[in-house]
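Have the sequence and the 3D view open side by side for this one. We'll start at a single turn and work outward from there.

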Amino acid sequence: MADETERNSDERRRVCSDLTEGSPSPSTSSTMEFYEEHAKRYFDDTVVRMPTEAQEAFLRELPAKACILDAGCGSGRDARRFLELGHCVEAFDASPRLAGLASEHIGIPVDVLRFEDYQTRPEKYDGVWAFASLLHVAECDLANVIGCLAASLRPGGVLFASFKIGLGPTVDDNGRAFTNLSPVSACLLVQNEPLLELRRLWREVGQASLGATADWLYLIARRER
Ligand SMILES: C[S@@+](CC[C@H](N)C(=O)[O-])C[C@H]1O[C@@H](n2cnc3c(N)ncnc32)[C@H](O)[C@@H]1O
């Protein structure tokens, strides 16, 4: 079974590199260059904008003292709130400078890690929180990354993720590349991961970073077994 999962992952990676050869993908260096170069400005801009409703929807699914992974934590705003609420929190981000700022803000070490290099931490977490972060993973890598995050959940654990609503990849004026999803493609993404069951999918027009607004798709999926 483990061999088969590994073979499937390798195959997904191979297909992804075939598909993205020569074309920009959301994990392009320009995305990471943006976060590195503008880390302090990005931190200041986002640390104060608490996504309270989405947090509450996620927290309602968790036990009282949950073990939470903030994946792509940015400023560490959400990780810090979860910690203050009495949960146990781990966090990572691909940007070394943001991870440093987040670590200072939360008061815990923050790993410098890319989703694409994330290795399953079997059944470790009650919740994985990926607020506006998985959206920077190339569409063809997403299934594999979500599979690793799902396998890191305890049975009954939940994954929260948010994406901008749209079709396929886009690059914004800052050079950041995004994988956008339609509600249907988000459903399919979850349905295709055997460990997960979609609990809730909803849209919200809300703030994006640096003064922009966006049409957001929020999803909560539960690991059923
Ligand atoms: C739009 S920000 C969201 C940050 C935070 N979750 C929040 O809500 O404020 C996206 C974050 O994902 C991180 N990121 C981008 N690509 C990543 C990748 N491939 N792996 C892990 N983190 C990544 C960026 O460094 C940035 O902190």
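**Starting from one glycine**

Find Gly86, just after helix α5: this residue takes a positive phi of about 100°. Keep in mind that what you're looking at is a predicted model.

Now step back into the helix itself. α5 covers residues 77–84, and Arg77, Asp78, Ala79, Arg80 and Phe82 are buried there. What do the buried residues of α5 pack against? Quite a list: the helices α3 (39–46), α4 (52–59) and α6 (96–106), plus the strands β1 (67–71), β2 (88–93) and β4 (125–130). As a whole, α5 lies across β1, β2 and β4, and its direction is at about 170° to that of β2. Helix α6 packs on the sheet too, where α6 touches β2 and β3 and makes an angle of about 160° with β2.

So much for the helices; on to the sheet they sit on. The sheet is open and has seven strands, which you can trace in the order β3-β2-β1-β4-β5-β9-β8, with mixed pairing. At the edges are β3 (111–112) and β8 (196–207), each of which pairs on one side only. For a look at one pair inside that order, take β1 and β4: they're parallel and share three bridges. Ile68 is a handy landmark here, standing opposite Gly127 in β4. As for side chains, in a regular strand they alternate between the two faces of the sheet.

Away from that list of seven, look for a hairpin. Strands β6 (residues 168–171) and β7 (residues 177–180) run antiparallel and are joined by four bridges. Thr170 has Phe178 of β7 as its bridge partner. Five residues lie between the two strands, and in this hairpin Gly175 takes a positive phi near 85°.

Back to α6 for a moment, since Ser103 sits in that helix. Is Ser103 buried or partly exposed? It's partly exposed, because 19 other C-beta atoms lie within 10 Å, while a buried residue needs 20 or more. Leaving out residues up to four places away in sequence, Ser103 touches Ile108, Pro109 and Val110. You can also relate Ser103 to α5: its C-alpha atom is 9.8 Å from that of Ala79, with the two positions 24 residues apart along the chain.

Next, the inside. The largest nonpolar core takes in 59 residues, and the ones with the most contacts inside it are Ala102, Val128, Trp129, Leu159 and Phe160. Strand β9 (residues 213–223) supplies the largest share of this core, seven residues. Pick Phe160 to see how distant parts of the sequence come together: not counting residues up to four places away, Phe160 touches Ala54, Phe58, Trp129, Ala130, Phe131 and Ile220.

Then there's the ligand. Which residues come closest to it? Those are Gly72, Gly74, Ala94, Ser95 and His136, out of 22 residues that surround the ligand. By type, the shell splits into ten polar, eight nonpolar and four charged residues.

Finally, zoom out. The protein has eight helices and nine strands, and 40% of its 225 residues are buried. Among contacts with a separation of 6 or more, 67% are between residues 24 or more positions apart.

Methods. Residues numbered from 1 in each chain as written. Predicted model: local features only at pLDDT ≥ 70, side-chain atom pairs only at ≥ 80, totals over all residues. Core = buried A, V, L, I, M, F, W, Y, C linked by C-beta atoms within 7 Å. Buried ≥ 20, exposed ≤ 12 C-beta atoms within 10 Å, placed from the backbone. Contact = placed C-beta atoms within 7 Å. Near = placed C-beta within 6 Å. Nonpolar A, V, L, I, M, F, W, Y, C, P; charged D, E, K, R; others polar. Pairing = 2+ DSSP bridges. Axes fitted to C-alpha atoms, helices over the stretch in contact; angles between N-to-C directions.
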